[in-house]
Each structure stands twice: as C-alpha cells, then as structure tokens.
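Visitor: I would like a close look at a single part of this model, taken slowly and with the distances spelled out. Please choose a place to start and carry on from there in one connected account.

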Number of protein chains: 2
Amino acid sequence: MGRWQSDSRGRLQEAALALYAARGFDQTTAAEIAARAGVTERTFFRHFADKREVLFGGSDLLQEQIVTGVVQAPGEWGAFDAVAAGLDAAAAMLGELRRDLSRRRQAVIAANPELREREMAKLADYATAVAVALHQRGVGEPQASLAALAGMTVLRVALDLWASGSDERDLPTVMRESLAELRAVTAGD
Amino acid sequence: MGRWQSDSRGRLQEAALALYAARGFDQTTAAEIAARAGVTERTFFRHFADKREVLFGGSDLLQEQIVTGVVQAPGEWGAFDAVAAGLDAAAAMLGELRRDLSRRRQAVIAANPELREREMAKLADYATAVAVALHQRGVGEPQASLAALAGMTVLRVALDLWASGSDERDLPTVMRESLAELRAVTAGD
DNA sequence: AGCCGTGATGTCAGTTACAGACATCACCCT
DNA sequence: AGGGTGATGTCTGTAACTGACATCACGGCT
C-alpha cells in the first residue's frame, strides 16, 4: 500500500476496464483512462508498459502458479501429467476471481484483435516457462514444448468456456474436462 | 505486376527483412524501410496495416491451404486426422520456400517480442478458421477448437525445428514427426 | 490519336502511443 | 528538524499510424 493516494495501479485497471467496455479499446485514449483514475498519462505508462498490458495485471502470479504446479508434480509423472498439475494450480487461482468480472474482461479482450494478440502472447510466455520447468524434469525437445503448448491450449479453451457462460460448472472442473477432451481428440477420435 | 515501378510491395518486404535483421525491429522506422524500397512512408502503410505485418506476407495463402486441406480430408476421418491433413498442406507450401530465407525470417521474429506476438496471433487466426471448417464436418465444441489449436501447436514447433536448423530433414517430414510426438505426449508418455 | 476512368502513389497535416529528463513532494527514518 | 526515497507531475520529443486531397501513368473507348 503506497504512501500516496491509495492504489493508483488498481484504479487505473478499473478505469481501463470500464472505458474499454463502454467505448471500445481503440476509442479510448491513455489520457482518458488516467484522468478517470485521477492521475497523469505519464503515470499510466509507468505502471503499464502499454495500453493493453493494463488488462493483464495478475499474469505474473498466474505464471508462477502454473510453473510451481509443474515443478511440484511427482517426479515419476509424465510430461503432460505434470502440465496437467500446472493447469490445476491455474484453475484454482483463476477460479477465485469473481465470475462476472472475468466475463467482463474476457468480453473486452474478445472484442479486440490487439487484445486477443496480447492474450495469446501471454499464453506463449507461460508455455515457454512451463517448457523450461519440464526440461528440469528431464523432458527433452520437442516433447517439452509440445506438452507445454498443448497445455496452454487447454487453458485457453477452458477459460473461454467458463467465462463465456455456456458452462455453469466451476473452473477446475471445466479445465479437467477440457483436458480429457484434448486427450480424446488427439488419441484418434 | 503493377503498372508502376514493379512490385513496391515485394521491395518493401525485402527492405524490411534486411533492416530488421541488421538493426533490429524497434531500431528501424517505417520511413527508413520505405526509403530503401524507393517509396513513401504513406505507401508502406497502404500495403501493410502496421510495421509487423510486412513480415507476414503469405499468411492468407497459407491459411487457405490449411483450411482446404482440412475440408478435402475424407469425411470419415476424425477431427484431428483432418487437421493433420491441413498441416500436410501447410508443410507442402512452406517447404517450397528457400530455407535460408525462412531461417532469416524466423530469426528476426524470434528476436522481438512484438513480432512473436504477431506470429502467435496468426496461428490463432488459422486455428479459428480450421475450427470453422471442422464445424462444417460435424465436429462440435470444444473438440473443434482443441483439435485446431493443437494442430497449430504442431505447426509452430515443427517450423521452429525446421527453420532453426537443428533438424536437417525436410519440412513435411519434421511436421509429421512432431505430430506423432504430440500424440505420444498427450497419450500419457 | 485523343479523351477518360482507375488505381497506385505522393503530399500534408493531425492524433496518439509511448519515453527521457527533470522537478516536486509526501512520507519515513534518524 | 533535516535528509533520503519513491511515486508522481510536467515538459518535450519521436515515431506509428490515418484521413483528405492532388497527381499521374496506364489501359480502354470512341
């Protein structure tokens, strides 16, 4: 908690989400977001590298969760089972969020190509980190990258399903179900 | 073949690749690329939506190839087998390119986060198109999205392997091998 | 041959996303 | 009470795009 007016960063995130949802991403300027949060444009860019990043606040934490899940999986488990453990950890963390907020956020992201681009980039980053963790478990290439990327595919699809509202079950359940579906699909149908 | 000095677009692509490789992506301005190609900055942005897009020239064609491959796969094949047919088509097309050029291009992309972001976005677009094609074959959700995204994972890994040079076999072979590896990894190790 | 439509390009001006340099100022520690 | 620190404001600059308008080579039509 800073010594200034509390939590500029958090207020910027809320302001951005509200404005992106109301006017759309490109119709919103960084200066407008800053004004709504009661700070300067310069302060916005000190907290977030660019206009998109403001929507991806907790992504570092999430990556940590996933990697930790992979690392802590029993050593005798196969590569993809370890990734599945990482996905469980991710689901546990994301499932804590208020579902309406997640829905709102996902809707904003889905509505804009640049934001979708950033989301894919985040998933690719997670996959890279997961692949590194798999290497430390003795998994080679290209198996590590394939397992990691396949896992991120499951994460994306499950999150879409959960946040888009067609599926009312909780996130960990949807995640496990999606993973089973991927296994079935690649097995040969 | 335009009626003007031939192929501004092509010259812009070459100029961009050369400059990005030499100075790096952010150290290169659109004006510099345009100057090297003998046109104006404005012309650059008429041919390419943004600075990154100039490196992804044939992506529309590639998407067409992939989708066509999926659509033309025998109707009784499963979802992932149809995707595999699309990957064969992609490998056939990409394999035609001069390998040193592909290597050069991949190296430039790998060196810059924004370009990697765009590459992931392209793959996501292909996946969306493939999922639509799968729907028309009667595949439901989330199976279609999972199969399509898993396929794009294989494409990415195989392309990296091929272009990064550690694997000297031809692209269709590397692609099929990677697909087999994914099947093995998700099957349970 | 001469006129005319068309599409690719040049020119110009404007908006906005970002980034560096420097000043400020509330808070904490001593 | 005074100095250090980190978050913020201010000012200024670069470069990625974008819209509006002029131009001009070419190909077709008469």
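Guide: Let us start at a lysine and a ring in chain B: the charged end of Lys51(B) sits over the ring of Phe25(B), at 4.3 Å from the ring centre. This is a predicted model, and every value quoted here is computed from it. In chain A the corresponding arrangement is found with Lys51(A), whose charged end lies over the ring of Phe25(A), again 4.3 Å from the centre.

Lys51(A) also leads to the DNA, since a polar backbone atom of Lys51(A) is 2.7 Å from a phosphate oxygen of DNA strand C. There are 20 residues around DNA strand C, and those that come nearest are Lys51(A), Ser8(B), Thr43(B), Arg46(B) and His47(B). For Arg46(B) the partner is a base, with a polar side-chain atom placed 2.6 Å from a base nitrogen of DNA strand C. Thr40(B), by contrast, is placed against the backbone of the strand, where an N or O atom in its side chain is 2.8 Å from a phosphate oxygen of DNA strand C. Counting the atoms of DNA strand C that lie within 4 Å of the protein, 59% belong to sugar or phosphate, and the rest belong to bases.

As for the elements behind this surface, helix 3 of chain A and helix 3 of chain B each supply at least two residues near DNA strand C, and helix 3 of chain B gives the most, with four residues. Sorted by class, the surface near DNA strand C holds six nonpolar, six polar and eight charged residues.

Turning to DNA strand D, we find 21 residues around it, of which Ser8(A), Thr43(A), Arg46(A), His47(A) and Arg42(B) come nearest. Of the atoms of DNA strand D that come within 4 Å of the protein, sugar and phosphate account for 56%. A phosphate contact is made by Ser8(A), which has a polar side-chain atom 2.5 Å from a phosphate oxygen of DNA strand D. Two arginines reach bases of this strand: an N or O atom in the side chain of Arg46(A) is 2.5 Å from a base nitrogen, while a polar side-chain atom of Arg42(B) lies 2.8 Å from a base oxygen.

Here too helix 3 (41–47) of chain A and helix 3 (41–47) of chain B each supply at least two residues of the surface near DNA strand D, with the largest share, four residues, coming from helix 3 of chain A. The classes near DNA strand D come to six nonpolar, seven polar and eight charged residues.

The rings of the protein complete the picture, with a count of six aromatic pairs over all chains. One of these pairs joins Phe44(A) and Phe45(A), which are edge-to-face at 5.1 Å centre to centre, with 85° between the planes. Phe44(A) counts as buried because its relative accessible area is 0%, whereas Phe45(A), at 33%, is partly exposed. In chain B, Phe44(B) and Phe45(B) likewise form an edge-to-face pair, 5.1 Å centre to centre and with 80° between the planes. Phe44(B) is buried, with a relative accessibility of 0%, and Phe45(B) is partly exposed, with a relative accessible area of 34%. In chain A, ring pairs also bring in Phe48(A), linking Phe44(A), Phe45(A) and Phe48(A) into a cluster.

Technical notes
Residues are numbered from 1 along each chain as its sequence is written. Chains are lettered from A and ligands numbered from 1 in the order in which they are written. This is a predicted model: local features need pLDDT of at least 70, side-chain atom pairs count only at pLDDT 80 or more; totals for chains, interfaces and linings use all residues. Side-chain values use heavy atoms; hydrogens and water are left out. Rings of Phe, Tyr and Trp (its six-membered ring) pair if their centres lie within 6.5 Å; planes under 30 degrees apart count as stacked, over 60 as edge-to-face and the rest as tilted. Buried means under 20% relative accessible area, exposed over 50%, partly exposed in between (1.4 Å probe, protein chains only). A charge sits over a ring if NZ of Lys or CZ of Arg is within 6 Å of the ring centre and within 35 degrees of the ring normal. A residue is near a molecule or strand if one of its heavy atoms lies within 4 Å of it. A polar contact is a pair of N or O atoms within 3.5 Å; within protein, one must be able to donate a hydrogen and the other to accept it, and residues adjacent in sequence count only if both atoms are side-chain atoms. Ala, Val, Leu, Ile, Met, Phe, Trp, Tyr, Cys and Pro count as nonpolar, Asp, Glu, Lys and Arg as charged, and the others, Gly among them, as polar.
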